[in-house]
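Please open the model in your viewer and keep the sequence panel visible beside it. The tour below moves from one selection to the next, and at each stop it says what is there.

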Amino acid sequence: MFKNKLAVLFTCLSVFSFSAQSISFETVTLGSKGGIQDGNLTAFLIKSEQDSNFVMLDAGSVVNGLIVSDQKGAFNNIALPDNSPYTKVGYLLNDKIKGYLISHAHLDHVAGLIISSPDDSKKPIYGLEGTNKDLMKNYFNWSAWPNFGNKGDGFKLNKYNYVDLVPTTWSTLSNTTMTVMALPLSHSGGESTAFILKDQKGDVFAYFGDTGPDDVEKSSALKTAWSTLAPFVKEGKLKGIIIEVSFTNETPDKSLFGHLTPNWLLKELTVLESMNGKGSLTDLNVVISHIKYSLKNSEDPKVIIRKQLADANQLGVKFIFPEQGDSLQF
C-alpha cells in the first residue's frame, strides 16, 4: 500500500495541469530540444481526454523519450496487459501510439521515427504531401534505411501508410477521437506545418513545427494560422499551443534560418491577439519547444529565453517550458 501511495504521489508531481477548466488534451514531452541533443529532440505525444490513444507530434526522439517519460511516471495510469508480449515501452510504441503527425522531414524531427521503425507497429504517417515525399525520398528508400512505407523506391514493407493531408481541411486521425487540420508554414524558405487538433467537444490544440516569423520569411503563413485559430480563441476553445523558440533575442534575423526568438514570438502572438482584441490571450497556455542546445560555455539558452519572454510578456499568456518526460494537461 505504501508503494501504491508513493506511485500516486509521483504521478501527481510529474503530471501538470495548466487549466482550471475541464481538461481536453494531454501531452507527454518525448523530446523538448531542437538541434544537436540526440535522445531529446522534438517529439510530443498528444491524446484527447475522451480516449486513451495517442498520436505523435513530430518524432525526433521516440523510444528514448518513452523510456524517460515512463521513468518519470507519465504513464503510471496505463497498465501493461497481462497477455502483452512487450515491455511497457514496447506496449506504448506498438499499441498506444496510433500515428505520426510530421511537420517536416528535417532529421531532428524524424530521427526517432526512423530508428524505431523496425520494431514499430503498422500505423499512418500524416503530413503534407511534400513532407511525405521527403520521407520516402530521403529516408525510407533502401539506401538510408529500409522502405517501411507503402510508397517509394524498392520493395515496400507496408508498415507505414502515408496520408497526405489537404491544407485547411479537417481529417480523421484513425483510432482516436481527434481530427486534424494541417496549415503550411515557412521554414527558411522551405515548408513546415502547423497541426490543429480538435476533440469531439470542439476544443482545439495547436502544434507548430519549425517556423520563422512572417516578416523575415516574407510570408503570410503564420498570419493565416492565426486567422484560423482566432475564432477558437474568441469561443474559449483554444486549450493551448506548442510553438518553437530556437534562439535568444541576440540572434540576428539573418541567422534565424526559419526559427523564432522571444521577441519574434511575442510579435506573432500580438497578431493573434489583435484579431479578438486586447487581453484576448490572457492565460493562454503556450508551450515553448525546440530550444537549441548550446555547446558554448555560457548561460543556458533556456534560462535566457525564459527571462526574455517573461520580461516582455504584455499579453498575459502562460509560457510553459517542459522537460523531457513531463506530462501536461490542457
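Begin by selecting Asn141 and Ser143 in this predicted model, and look for the place where a polar atom of the Asn141 side chain lies 2.8 Å from the backbone nitrogen of Ser143. Asn141 sits in the loop between α5 (129–138) and β8 (160–164), and with a relative accessible area of 16% it is a buried residue, because buried means under 20%. If you leave aside the neighbours within four places in sequence and show what else touches Asn141, you will find contacts with Met136, Pro146, Asn147 and Asp153.

**A second loop**

Next, select Gly212, which is found in the loop between β12 (204–208) and α6 (214–217). Is Gly212 buried or exposed? Its relative accessibility is 2%, so Gly212 counts as buried. Again leaving aside neighbours within four places in sequence, the residues in contact with Gly212 are Ser186, Glu217, Leu222, Gly258, His259 and Leu260. Add Phe257 to the selection as well, and you can see that its C-alpha atom is separated by 7.3 Å from that of Gly212, although the two residues are 45 residues apart along the chain.

**A strand residue and a faraway partner**

Now move to Phe25, whose place is in strand β2 (residues 25–31). With a relative accessible area of 0%, Phe25 is buried. Select Lys239 together with Phe25: these residues are 214 residues apart along the chain, yet their C-alpha atoms are separated by 7.9 Å.

**Helix α3 and its surroundings**

Select residues 88–96, which form helix α3, and then show the rest of the chain around them. Why can α3 be described as largely enclosed by the rest of the structure? Eight of its nine residues are buried, so the surrounding structure largely encloses this helix. The buried residues are Lys88, Val89, Gly90, Tyr91, Leu92, Leu93, Asn94 and Lys96. To see what they pack against, colour β5 (54–59), α2, β6 (97–101), α4 (107–116) and β7 (123–127).

Keep Lys88 selected and add Asp70, since these two residues form a salt bridge in which the closest N and O atoms are 3.8 Å apart. This pair links distant parts of the chain, with Asp70 in helix α2 (residues 63–71) and Lys88 in helix α3, 18 residues apart. The two partners can also be compared by their accessibility: Asp70 is partly exposed at 23%, whereas Lys88 counts as buried at 18%.

**Other salt bridges**

How many salt bridges does the structure hold? There are nine of them, and a few are worth visiting in turn.

- Select Asp120 and Lys123, which form a salt bridge with their closest N and O atoms 2.7 Å apart; Asp120 is buried, with a relative accessible area of 6%, and Lys123 is buried too, with 5%.
- Select Lys47 and Glu49, where the closest N and O atoms of the salt bridge are 3.4 Å apart; Lys47 counts as buried at 9% relative accessibility, while Glu49 counts as partly exposed at 34%.
- Select Lys201, Asp203 and Lys237, which are linked in a network of salt bridges.

**A patch on the surface**

Switch on the surface display and select Ile36, Tyr293 and Leu295, which make a nonpolar surface patch of about 350 Å². Within this group, Tyr293 is found in the loop between β15 (291–292) and α9 (301–312), and with a relative accessible area of 41% Tyr293 is partly exposed.

**The whole chain**

Finally, clear the selection and return to a cartoon view of the protein chain, in which there are nine helices and 17 strands. The radius of gyration is 19 Å, close to the 20 Å that the globule rule gives for 330 residues, so the chain is as compact as a globular protein of that length. If you turn the chain along its principal axes, its C-alpha trace spans about 55 × 55 × 45 Å. Of the 330 residues, 55% count as buried, and the chain exposes about 14100 Å², of which carbon and sulfur atoms supply 54%. Among the contacts with a separation of 6 or more, 64% are accounted for by residues 24 or more positions apart.

Conventions:
Residues are numbered from 1 along each chain as its sequence is written. This is a predicted model: local features need pLDDT of at least 70, side-chain atom pairs count only at pLDDT 80 or more; totals for chains, interfaces and linings use all residues. Side-chain values use heavy atoms; hydrogens and water are left out. A salt bridge is a side-chain nitrogen of Lys or Arg within 4 Å of a carboxyl oxygen of Asp or Glu. Buried means under 20% relative accessible area, exposed over 50%, partly exposed in between (1.4 Å probe, protein chains only). Helices (H or I, at least four residues) and strands (E, at least two) are DSSP runs, numbered from the N terminus. Patches are made of residues with over 30% relative accessible area and no salt bridge: like charges are joined within 9 Å, nonpolar side chains (Val, Leu, Ile, Met, Phe, Trp, Tyr) within 5 Å. Accessible areas come from the Shrake-Rupley method with a 1.4 Å probe; for residues, only the protein chains shown count as cover. Contact means heavy atoms within 4.5 Å. A polar contact is a pair of N or O atoms within 3.5 Å; within protein, one must be able to donate a hydrogen and the other to accept it, and residues adjacent in sequence count only if both atoms are side-chain atoms. The radius of gyration is taken over C-alpha atoms; the globule rule is 2.2 Å times the number of residues to the power 0.38.
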